[in-house]
Structures are given as C-alpha cells and as structure tokens.
Amino acid sequence: MIFLKKKKIFFSSALSISLLGAVVVPSVICASSDASDSANTSSIATKNAGKSTTGDQVITPRKSRDVIDDIFDKKDPVSRFVLDPGYGHLKFFAKNRGGSTITFSLVHTDSGKQYIVKTIGAHKKLLWESVNSFSQGLRSGNYEIQWRAGGDIVHVTAWGVSGTDSAKVTSQRGIGVIDVRISGGATVATSFDIPKGHGHVKLSIKNYSDHPVKVSLTHDGSNKEYISALPIAPHDTVIWRSTDEGYSSGMRSGHYILQWRGADYKVDGHVWGVVGTQPADVQ
C-alpha cells in the first residue's frame, strides 16, 4: 500500500523546466575561446572567489550555482543572468516546446562578445556545456540569451548552472520541470521530462475542483506506471516524492505523461514538480 503525505500549499511563481536526451541540432556559429575568457581570471581570484571568513575560519562556497531557470511562451524573449568571478564553466539545457525552429545566441553584454549561436528544431532539446568549446571557461559578468523563432512565438524551457570547474557544473537543488494549470474535459494530460542523472522527483498536485480526480504518471518510453490512479479529494493537495514511494535509486530518465481523470466532471487543477540528482534536492 502506498501512503501519501497530504498538505495544503499555496502556489507562488513558476519554477521551470524539463528535459534531456533527444536530437541536438548542430551549432550554426561557435566562437573560439581566448585567454581573457578563463573561468579563473587569476589564481588569486579563483582561490578566494565567493569565500568569506568568520574569525579565523574560512567558509568555502558551493562549487556550482544555478543561473538560468526560464519558461517562455512569447515572441523574442530574452534570458538574462550573471556569471560570478571564478564560476565561468556553464552547463545549459533548452527544450523547444513549439512547432517552429528556435535560434538563440549567447552574448556577454558587458563586452558585446557573442559566444555561440545555435538552433533547436521543433520539439527538440539541446544540452550545451562550455567546456567542450571554451575549456578555460567563460568570462565573468552579465549575459543575455536572445530567443527567436522566425517571427513565431517562442515556446522554450531553459535552465543553466555555472561552476568553478567543469566537473562541478551540477545543480545544488531540484530543477523545476513542470508548473502548469490543468483544465478542460473529464480527461486531461500534460507531460514533462526527467534528464539523465536527475531521477529523484517531487510533485505537488492540487485539485481545484469540487469533485475528486485520479492522477496517473507513466514513463512514455517503457509504459511503466509510477503513479496509478492516485485519488485527490476536492480542493486537496498531494505531495508525491519518488523516494517515499520506494524509488530510492531514482526514476528512469525520459518523457513522462501525467494524466488527470475527473470521471463525469471537468478537471481543474495544478501540478508543480522538481527533479534532482539526490533525494535531498527534492525535499
């Protein structure tokens, strides 16, 4: 028997993102690295970047920092973020949720340097790691990612993490993969992706309607059902964690379908979820 922990919560703003695998459309332009783009502009800056002291004690900072967490459904949006000194290695993921090819550019706005221009095909995904093109990292400062879809609406989910070295570019908290309002007929489905290595999952599922619903979660590639007709009472919220349900090693990566069934009544709800590399990321 599955025991679920229920509690009421209020939803604030969206987290983002989904994720990994699929075909990557090749780069259109990829600028070359130069000496000034080092992740560690000097040995002193690297050694002391982000450190603080309390008396004689040196407090070492985290080795990676989340810098991008965006969802866009509009024309010509822009993502903005900052790379702190010593955190010049960037891992960046984007999913094109629309039917038009997306082109995006990564620009260091302080200098005007354009690092890359890439395309993502309709309903495709891209994972870009700076170490593959800029082994010493990107320069610190302000950045923009300009998204275009040939005049169409851009439907994109994106997240990014910066690190002190390429091996440390991993998220230190859960990555948002879904944050959507569910409404429509008596049966409604939505979806999200779990990237490789991020198999620990937390979902918060809210039923806004005056009638009970049942929710199921299925891995699209294998048809494995991780949640089977989970009942949610009217105006109730269920917090579902993969670790609580016996998936101590995490769930498999890939595409997932979350289906809501309201029997004879229309579905009206909300689902929010994050994934992580370890159970502590989704607590």
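This is a guided tour of a predicted model, stop by stop, with a selection to make at each one.

**Start with the whole chain**

Show the chain as a cartoon. You should find 1 helix and 20 strands. Of the 283 residues, 45% are buried. Take contacts between residues at least 6 apart in sequence: 80% of them join residues at least 24 apart. Switch to a surface view and you are looking at about 13400 Å² of accessible area, with 49% of that belonging to carbon and sulfur atoms.

**Colour by confidence**

Now colour by pLDDT. The mean for the chain is 78, and 75% of the residues reach 70 or more. Where is confidence lowest, and where is it highest? Strand 4 (residues 57-59) has the lowest mean, 34, while strand 16 (residues 213-219) has the highest, 97. Next, select residues 1-36: the pLDDT is below 50 over this stretch, which has 106 contacts in the model beyond near neighbours in sequence. Residues 38-62 are also below 50, and that stretch has 33 such contacts.

**A tilted ring pair**

Time for some side chains. The whole structure holds 11 aromatic pairs. Select F104 and W147 and show them as sticks. Their ring centres are 5.1 Å apart and their planes meet at 40 degrees, so this pair is tilted. F104 belongs to strand 8 (residues 102-108) and W147 to strand 11 (residues 141-148), so the pair links parts of the chain 43 residues apart. Are these two rings buried or exposed? Both are buried: F104 has a relative accessible area of 1%, and W147 has 0%.

**A stacked ring pair**

Move on to F192 and Y256. Here the ring centres lie 5.8 Å apart with the planes at 10 degrees, so the pair counts as stacked. F192 sits in strand 14 (residues 187-194) and Y256 in strand 19 (residues 254-261), so the pair ties together parts 64 residues apart in sequence. F192 is buried at 1% relative accessible area, and Y256 is buried as well, at 0%.

**A ring cluster and two lysines**

Select F81, Y115, W128, F134 and Y143 together; ring pairs link these residues into a cluster. Keep Y115 on screen and add K113. The lysine lies over the face of the Y115 ring, at 5.0 Å from the ring centre. For another example, show K224 and Y226: K224 lies over the face of Y226, 5.1 Å from its ring centre.

**Into the nonpolar cores**

Nonpolar side chains tend to be buried together in soluble globular proteins. In this model, the largest nonpolar core has 29 residues. Which residues have the most contacts inside it? They are F192, L203, I205, L217, M251, W260 and V271, so F192 from the stacked pair appears here again.

Zoom in on I205 and show what surrounds it. Setting aside neighbours within four places in sequence, I205 contacts V215, L230, I232, D236, T237, V238, W260, H270 and V271. Apart from the largest core lies another one, of 25 residues, including I68, L90, I102 and V156.

**A buried glycine**

Select G199, in the loop between strand 14 and strand 15 (200-207). G199 is buried, with a relative accessible area of 8%. Leaving out residues up to four places away in sequence, G199 touches I194, S242, G250, M251 and G276. If you draw a distance from the C-alpha atom of G199 to that of G254, you should read 9.5 Å, although the two are 55 residues apart along the chain.

**Last stop: two loops with positive phi**

Most residues other than glycine have a negative phi. Which way does phi go at D76, positive or negative? The value is positive, near 50 degrees. D76 lies in the loop between strand 5 (64-74) and strand 6 (78-83), and counts as partly exposed at 36% relative accessibility.

Finish at H123, another residue that is not a glycine but has a positive phi, of about 60 degrees. Look for H123 in the loop between strand 9 (113-120) and strand 10 (125-129). H123 is exposed, with a relative accessible area of 53%.

Note on methods. Residues numbered from 1 in each chain as written. Heavy atoms only, no water. Phe/Tyr/Trp six-rings, centres within 6.5 Å; stacked < 30°, edge-to-face > 60°. Helix = DSSP H or I, 4+ residues; strand = E, 2+ residues; numbered from the N terminus. Buried < 20%, exposed > 50% of the residue type's maximum accessible area, 1.4 Å probe, protein only. Lys NZ or Arg CZ within 6 Å of the ring centre and 35° of its normal. Contact = heavy atoms within 4.5 Å. Areas by Shrake-Rupley, 256 points an atom, 1.4 Å probe, with all protein chains shown as cover. pLDDT = per-residue confidence, 0-100. Core = buried A, V, L, I, M, F, W, Y, C linked by side-chain atoms within 4.5 Å.
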